[in-house]
Amino acid sequence: MDQQDPKRGRVLPAPENFLDPAGKSRRRALGGLLTGGAALLAANSLRAAEVPAGTPAPTRFPPGVPPWSQTLGKPVGANPYGVPATFEGNIIRRSSPGLTTTTQSSVAFTPLQNLFGIITPNGLHFERNHNGRPDIDPYQHRLLLHGLVREPKLYTMEDLLRLPSVSRIHFVECGANSAMEWANPSVPTVQYTHGMLGCSEWTGVLLSTLLEDAGFDEKKAKYLLAEGADAAGLTRTIPIGFALDDVIVAYGQNGEMLRPEQGYPLRLLVPGVQGISNVKWLRRIKVGDQPFNTREETLQYSDLMPDGSSRQYTWIQEAKSVITSPSGGQQLLDKGGYFEITGLAWSGRGHIKRVDISTDGGKNWRAAKLQTPVLEKALTRFRADWTWDGSPALLQSRCIDSTGYVQPKMRQLREVRGTASIYHNNAIQTWLVDAEGKVHNVEV
Amino acid sequence: MSRSERIVGALAAIALLVAAGPAAAQSKYHLGQKATPEQIAGWDIDVRPDGAGLPAGQGSVSQGNDIYDAQCASCHGTFGESNTYLALTGVKTKLNYATTLYDYINRAMPFPHSKSLSADEVYAVTAYVLNLSDVVPADFVADRDSLPKVEMPYRDRVKPYSGLMSVDGKADVQNTACMQNCEKEVKVTASLPAGFVENLYGDIRDNFRGLATMNKLAPPVTSAPVEVAGGLELIQKHGCVVCHAVDKKIVGPAFRSVADKYRDNADARAQLIRKIRDGGSGAWGTVPMPPQTEPSDADLATVVEWLSTLPGEK
């Protein structure tokens, strides 16, 4: 096994700690010892003492030559549509145990803790459906555009693919992202606290292009209804201002057609607005003169306030950020080691201007580096250097968007909105790194 | 009133509108077709608070009672109090317009087979759910005139919130960008209870890059029992899985329990097919299974065949 370098900021679980013939039992032994206290010592002694007899020498590391350097590899095209390396099999969307009654009306979260940059891989973009996911034949799919228009229109997918297109990078965040955290921390990892979040390059036709094509009534048109072709026939009201600004009728996601989970073959993309407005499996847009007051704007997706009233049409997703590493469920191994703090920030009102980092629970802050590109209504990746001194630390990030809005603390949100409003929790997240290096979801 | 009658009604209304409207101007792309009134009428199902979009037809609370007990109670509870699935209490405590209830039931319920109710049936079951919620009296009849007039108890408490309706909306919560000595004291005020993560999520380290997938020698996943092909797909396709799982009770019994119960009963297969087709209660409790009219005889036979080969519960 390789030498221990105290300056390396290693995070458990790292692969080299688990390449062991004893499999799961070894992992348990390691976990048990680590909770015992002298984490570093335990890990070191394990490495020396616990390697079971009969373990092949690690010829894959220098000076040894691994088998893949000596064997002819697989043919080109062995995977005509590529799949991730088998070693990445744990990096998947996951549902939170006990959250929903049925898998048909449910949610699977994006594994933010394992992702790089700002683009969410198509197979990992979170999935939230209300009456199951339909499998739609694109040749039999139609988009109906009607209501206050000169000529109601029916578009085929081919029509839409031939119209002038745009490609833009935007985040999609469910309005209920972080909903489980309103009262107190209730889930262990950033996948569950913030994973109803994805960011893709979306391609499609601007909704304004279609509205002009159908000759919408510029005087009377105030609100649109967008409707899905799924069994939910999910509907949401879209104000005409958004529709004419940057809404996309999208068929493309990161260079390919949408995934079925993301609305294949057609969805609405309403940048910066609650995920549910980005209606998937889009079949109909109706131009109207008043809001539609749908179930997803009354019984659900309206925010209950402490005075018993509820806020309706809470469209915009306000500025929010979270550290994705180190984050809940990880373990830092090396006291005195270097760790890069990295995470994501976004705002439905514009772009991210600054992200600050605190390692002492919000007493003191310093600015993080923003990775370019920094785009409107898109995820922005931030980074900051950090050397962990081995004592407990409270990691936080706080973003400021182009309107000057500063991401609030949990208690500031609660003072105004109570704990029953479900949606729009954009509070600063705190991760506690304990003395053993274990990272926990906590509140300060 | 049947769906086709609804369509004809809507069609007539739209034909009038079109006749009165301005002549269609040419679009510059020459893509897409002009939608016909029939095409629009088939899809134009939304209903607004002012009643726009409500079709002809009607239904009473008592008619709705029968439909509800047969098609809704199994999930939402006899009194809307919930049976496994969500309660319908929001109708009283969150809903501002009864028309939205009609719109939603019409498009999305009953969950296993949405858009299967006629306009009369949707009116009736809407009336019944409103009555369950103490919003309308037992002699209420819902139709396109009465429904928009229903006074919902929560109406005035639902308020459009301008702060989040546009990008320049005013934020209700403001933090400051303080950099030094921002808090006097920092204390952890809440965290997950001990043992919570392990009990609910198992070994959370599996959620990170590493562990089992990186360890070629991890124990193999125990292989699934051999199943007759098609059973699993069919219970998905026909929506049985919203009430049944193989291993656990949801609304209806676990399929393994069913397999155990009838294992030594030669007549069971025919009997089960009939039971699924006709629905009913009594074998597992008082909650009825709604009649499953949609699967073909062949599909039901395959499901029952598959079901009876399931290994027992141990």
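**Exercise 1. A salt bridge within chain A**

With which residue does A:Asp135 form a salt bridge? Determine also how exposed each partner is.

*Solution.* The structure is a predicted model.

Step 1. Search for the partner. A:Asp135 forms a salt bridge with A:Arg133, and the closest N and O atoms are 2.7 Å apart.

Step 2. Recall the principle. Side chains of opposite charge can pair when their charged atoms come close.

Step 3. Classify the acidic residue. A residue counts as exposed when its relative accessible area is over 50%. A:Asp135 has 66% relative accessibility and therefore counts as exposed.

Step 4. Classify the basic residue. A:Arg133 has a relative accessible area of 36%, so it is partly exposed.

**Exercise 2. A salt bridge between two strands**

Identify the strands that hold A:Arg398 and A:Asp356, and state whether these residues are buried or exposed.

*Solution.*

Step 1. Establish the pair. A:Arg398 and A:Asp356 form a salt bridge in which the closest N and O atoms are 2.8 Å apart.

Step 2. Locate both residues. A:Arg398 belongs to strand 23 (residues 393–401) of chain A and A:Asp356 to strand 19 (residues 352–358) of chain A, so the pair ties together parts that are 42 residues apart in sequence.

Step 3. Assess burial. Both A:Arg398 and A:Asp356 are buried.

Step 4. Set another pair of chain A beside this one. The side chains of A:Glu436 and A:Lys438 meet in a salt bridge with an N to O distance of 4.0 Å. A:Lys438 counts as partly exposed because its relative accessibility is 22%.

**Exercise 3. The interface of chain A and chain B**

Describe how chain A and chain B meet, beginning with the number of residues in contact.

*Solution.*

Step 1. Count the residues. On chain A, 120 residues are in contact with 95 residues of chain B.

Step 2. State the area. The two chains bury about 9500 Å² between them, and 56% of this is on carbon and sulfur atoms.

Step 3. Count the polar links. Between chain A and chain B there are 51 residue pairs in polar contact, both residues being at pLDDT 80 or more.

Step 4. Examine the side of chain A that touches chain B. Helix 7 (residues 410–417) of chain A gives the most to this side, with five residues. The residues of this side divide into 41 nonpolar, 44 polar and 35 charged.

Step 5. Consider the salt bridges. There are 10 between chain A and chain B, while the structure holds 36 over all chains. In one of them, the side chains of B:Asp46 and A:Arg284 meet at 2.7 Å, N to O. B:Asp46 and A:Arg284 are also members of a network of salt bridges, together with A:Glu227, A:Arg283, A:Lys286, B:Asp44, B:Asp103 and B:Arg107.

**Exercise 4. Two residues of chain A that contact chain B**

Find the residues of chain B in contact with A:Val444 and with A:Ser186.

*Solution.*

Step 1. Place A:Val444. This residue lies in the segment after strand 25 (439–443) of chain A.

Step 2. List its contacts in chain B. A:Val444 is in contact with B:Val186, B:Lys187, B:Val188 and B:Thr189. Its contacts within chain A include A:Leu394, which is 50 residues away in sequence and 8.7 Å away in space, C-alpha to C-alpha.

Step 3. Place A:Ser186. This residue is in the loop between strand 6 (166–173) and helix 4 (190–194) of chain A.

Step 4. List its contacts in chain B. A:Ser186 is in contact with B:Leu192, B:Phe196 and B:Tyr201. Within chain A, its side chain reaches the backbone oxygen of A:Met180 at 2.7 Å.

**Exercise 5. A helix and a loop of chain B**

Why is helix 6 of chain B described as largely enclosed? Then report the phi values of B:Ser82 and B:Thr84.

*Solution.*

Step 1. Consider the whole chain. Chain B has 12 helices and five strands, and buried residues make up 43% of its 314 residues.

Step 2. Consider the helix. In helix 6 (residues 98–108) of chain B, 11 of the 11 residues are buried, so the rest of the structure largely encloses this helix. Among these residues are B:Asp103 and B:Arg107.

Step 3. Turn to the loop between helix 4 (73–76) and helix 5 (90–93) of chain B, where B:Ser82 lies. B:Ser82 has a positive phi of about 95°, although it is not a glycine.

Step 4. Add B:Thr84, which is in the loop between helix 4 and helix 5 of chain B. Phi of B:Thr84 is near 70°, a positive value in a residue other than glycine.

Technical notes: Residues are numbered from 1 along each chain as its sequence is written. Chains are lettered from A and ligands numbered from 1 in the order in which they are written. Side-chain values use heavy atoms; hydrogens and water are left out. Helices (H or I, at least four residues) and strands (E, at least two) are DSSP runs, numbered from the N terminus. Buried means under 20% relative accessible area, exposed over 50%, partly exposed in between (1.4 Å probe, protein chains only). Contact means heavy atoms within 4.5 Å. Buried area is the accessible area (1.4 Å probe) that two parts lose on being put together, summed over both. A polar contact is a pair of N or O atoms within 3.5 Å; within protein, one must be able to donate a hydrogen and the other to accept it, and residues adjacent in sequence count only if both atoms are side-chain atoms. Ala, Val, Leu, Ile, Met, Phe, Trp, Tyr, Cys and Pro count as nonpolar, Asp, Glu, Lys and Arg as charged, and the others, Gly among them, as polar. Lists of a residue's contacts leave out its neighbours within four places in sequence.
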